[in-house]
Amino acid sequence: MSRYPDKWKKADKNVVKRWTRWVVLSVTILILLFIGIGVLTGAKTTYRLYSDTIQEWTAKLKGGSFIYLFEMENRVFRDAHPEGNRIPGLTSLSFQLLTSLTPNDPRSLLGREIPGLSSYNSQIIIAGQGTDFSTLPIESEPPLEVEDRGEEGDIEEQEDPGTDQEAEPAGEDSVYIYHTHNTESFYPHLPDETTVYDGKVNITLVGDRLGQSLERRGVGAVVDKTDVAALRSENGMEYYQSYDAVRPVVEEAVSSNGSLTYFFDLHRDSLAREHTTTTIDGKDYARFAFVIGAEHPGYEKNLAFATALHNKLEETYPGISRGVITKKGSGVDGVYNQDINPNAILIEFGGVYNNLDELYRSADIMAEVFSDYYFDEQKVTKEP
């Protein structure tokens with residue numbers, strides 16, 4: 001009897017087994033797919049994948065990596081590759097996503113460890129007079145101990161707001177002023193230059209002056225005097241965690257006072273005097289720098305507000321603003337609690353070599369310019 005029929009039978013059995021395997025595998029994949037979709041769509045909102053989650057992941061990748069994705073749709077993007085650039089490997093992309101470290105970029109690993117290196121995670125959005133990457137705002141070294149050593153000295157009286165008529169009484173509190181680094185001080189008011197932090201004469205005095213000047217111009221303001229340094233110490237937190245320490249304070253202010261619309265976190269810079277000082281009509285003034293954290297989805301609104309203030313300052317007092325910068329990446333906070341409100345900004349008031357007279361004059365200017373902005377915005381919202 002011929003053996004061919006047996007071979008055909010075996011071949012038929014192999015085909016059946018092969019198709020059975022494919023069917024089982026396909027069904028298994030479909031079941032896993034449906035389970036995955038069910039988990040993502042049925043999970044609590046805390047665990048769902050939102051667009052900001054995707055943005056957070058993709059923000060860790062180099063911009064050049066996305067050119068290859070565009071190239072899949074349009075070959076014209078081939079010409080956009082930098083010379084010698086190669087398509088990133090799957091291993092490299094996975095490493096970046098999982099560790100937030102970028103190969104061949106030491107800033108992602110050493111940004112917090114090497115002083116000054118984190119400055120290069122900043123982007124200059126608007127460059128004021130003399131502003132470049134060598135004059136970006138920087139922080140002093142964290143204080144080991146903070147004592148009450150400073151002396152205010154003779155401070156000039158607050159200048160008249162300069163309006164033609166009496167300012168209207170301040171209504172609801174609209175501005176919230178606080179100080180994440182509340183012990184930042186100024187060398188002219190300290191007995192020596194061993195440390196530039198002080199428990200008494202510090203940036204909070206500038207916040208007081210700004211609040212008073214806003215009130216005189218009819219803008220309600222709350223000046224928070226929380227000792228964030230003490231709060232941080234009580235919670236066993238490091239200096240770089242100051243923004244985490246102060247966040248509950250700001251959130252409590254938001255929840256307890258619904259009229260608060262603008263949030264100013266005041267700091268002082270550590271640059272040399274020539275970069276943080278300008279002269280107007282024969283008097284010295286501390287300059288401003290606006291810092292926006294670019295690591296939260298809504299930062300562009302904060303950026304727009306800071307840009308508007310910079311432009312108004314430059315219209316009336318050219319040169320007093322050092323510009324607007326954004327910060328993100330390793331070694332910086334990247335949010336600065338500005339995700340709490342789209343009108344939350346960080347303002348650098350002068351630097352370590354400015355004195356309180358110069359700072360107070362600048363606080364009066366900030367109050368003048370902001371109050372104009374504020375009442376213009378009020379008119380716009382009231383218009384039908």
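Helices, as counted here, are DSSP runs of H or I with at least four residues, numbered from the N terminus. The model is predicted.

**Exercise 1. Get an overview of the chain.**
State how many helices and strands the protein chain has, and what share of its residues is buried.

*Solution.*
Step 1. Count the elements: the protein chain has 11 helices and nine strands.
Step 2. Look at burial. Of the 384 residues, 41% are buried.
Step 3. Look at contacts with a separation of 6 or more. Residues 24 or more positions apart account for 77% of them.

**Exercise 2. Check the length of two helices.**
Compare the expected span of α10 with the distance between its end C-alpha atoms. Do the same for α6.

*Solution.*
Step 1. Helix α10 covers residues 299-316, which makes 18 residues. The rule of 1.5 Å a residue uses one less than the number of residues. It gives α10 a span of 26 Å.
Step 2. The end C-alpha atoms of α10 are 26 Å apart, so the two values agree.
Step 3. Turn to α6, with 14 residues and an expected span of 20 Å. Its end C-alpha atoms are 20 Å apart, which agrees.
Step 4. Add burial. In α6, 10 of the 14 residues are buried. Among them are Ile203, Leu205, Arg209, Leu210 and Leu214. In α10, the buried residues include Tyr299, Phe305, His310 and Leu313.
Step 5. Go past the end of α6. Just after it, Gly218 takes a positive phi of about 90°.

**Exercise 3. Map the largest nonpolar core.**
Find which residues touch the most other members of this core, and which element gives the most to it.

*Solution.*
Step 1. The core has 45 residues. Leu210, Phe264, Phe290, Phe349 and Phe370 touch the most other members.
Step 2. List the elements that give two or more residues. They are β2 (173-178), α6 (203-216), β4 (262-269), β6 (283-286), β7 (288-293), α10, β9 (344-351) and α11 (356-382).
Step 3. Of these, α11 gives the most, with 11 residues.
Step 4. Zoom in on Leu210. Leaving aside neighbours within four places in sequence, Leu210 contacts Ile177, Phe264, Leu266, Phe349, Ala363, Met366 and Ala367.
Step 5. Another core lies apart from this one. It has 11 residues, including Tyr176, Val228, Val250 and Ala253.

**Exercise 4. Place Ser371.**
Is Ser371 buried or exposed? Which residues does it touch?

*Solution.*
Step 1. Ser371 sits in helix α11.
Step 2. Its relative accessible area is 3%. Buried means under 20%, so Ser371 is buried.
Step 3. The side chain of Ser371 reaches the backbone oxygen of Glu368 at 2.8 Å.
Step 4. Not counting residues up to four places away in sequence, Ser371 touches Arg217 and Val219.

**Exercise 5. Classify an aromatic pair.**
Are the rings of Phe370 and Tyr374 stacked, edge-to-face or tilted?

*Solution.*
Step 1. A pair of aromatic rings is described by the distance of the centres and the angle of the planes.
Step 2. The centres of Phe370 and Tyr374 are 6.1 Å apart, and their planes are at 35°.
Step 3. Planes under 30 degrees apart count as stacked, and over 60 as edge-to-face. The angle of 35° fits neither, so the pair is tilted.
Step 4. Place the pair. Both residues lie in α11, four residues apart, about one turn of the helix. Phe370 is buried at 0% relative accessible area, and Tyr374 is buried at 9%.
Step 5. Widen the view. Phe370 and Tyr374 belong to one aromatic cluster with Tyr262, Phe264, Phe305, Tyr373 and Phe375. The structure holds 17 aromatic pairs.

**Exercise 6. Examine two loops.**
Which residues does Thr135 touch? What is the phi of Tyr336, and of Asn337?

*Solution.*
Step 1. Thr135 lies in the loop between β1 (122-127) and β2. It is buried, at 6% relative accessibility.
Step 2. Its side chain reaches the backbone oxygen of Gly130 at 3.0 Å, and the backbone nitrogen of Asp132 at 2.9 Å.
Step 3. Not counting residues up to four places away in sequence, Thr135 touches Gly130, Leu271, His275 and Arg322. Thr135 and Arg322 are 187 residues apart along the chain, yet their C-alpha atoms are separated by 9.3 Å.
Step 4. Move to the loop between β8 (321-327) and β9, where Tyr336 lies. Asn337 is in the loop between β8 and β9 too.
Step 5. Most residues other than glycine have a negative phi. Tyr336 has a positive phi of about 55°, and the phi of Asn337 is near 60°.
Step 6. Check burial. Tyr336 is buried at 5%, and Asn337 is buried at 6%.

Technical notes
Residues are numbered from 1 along each chain as its sequence is written. This is a predicted model: local features need pLDDT of at least 70, side-chain atom pairs count only at pLDDT 80 or more; totals for chains, interfaces and linings use all residues. Side-chain values use heavy atoms; hydrogens and water are left out. Buried means under 20% relative accessible area, exposed over 50%, partly exposed in between (1.4 Å probe, protein chains only). A nonpolar core is a set of buried Ala, Val, Leu, Ile, Met, Phe, Trp, Tyr and Cys residues joined through side-chain atoms within 4.5 Å. Contact means heavy atoms within 4.5 Å. A polar contact is a pair of N or O atoms within 3.5 Å; within protein, one must be able to donate a hydrogen and the other to accept it, and residues adjacent in sequence count only if both atoms are side-chain atoms. Rings of Phe, Tyr and Trp (its six-membered ring) pair if their centres lie within 6.5 Å; planes under 30 degrees apart count as stacked, over 60 as edge-to-face and the rest as tilted.
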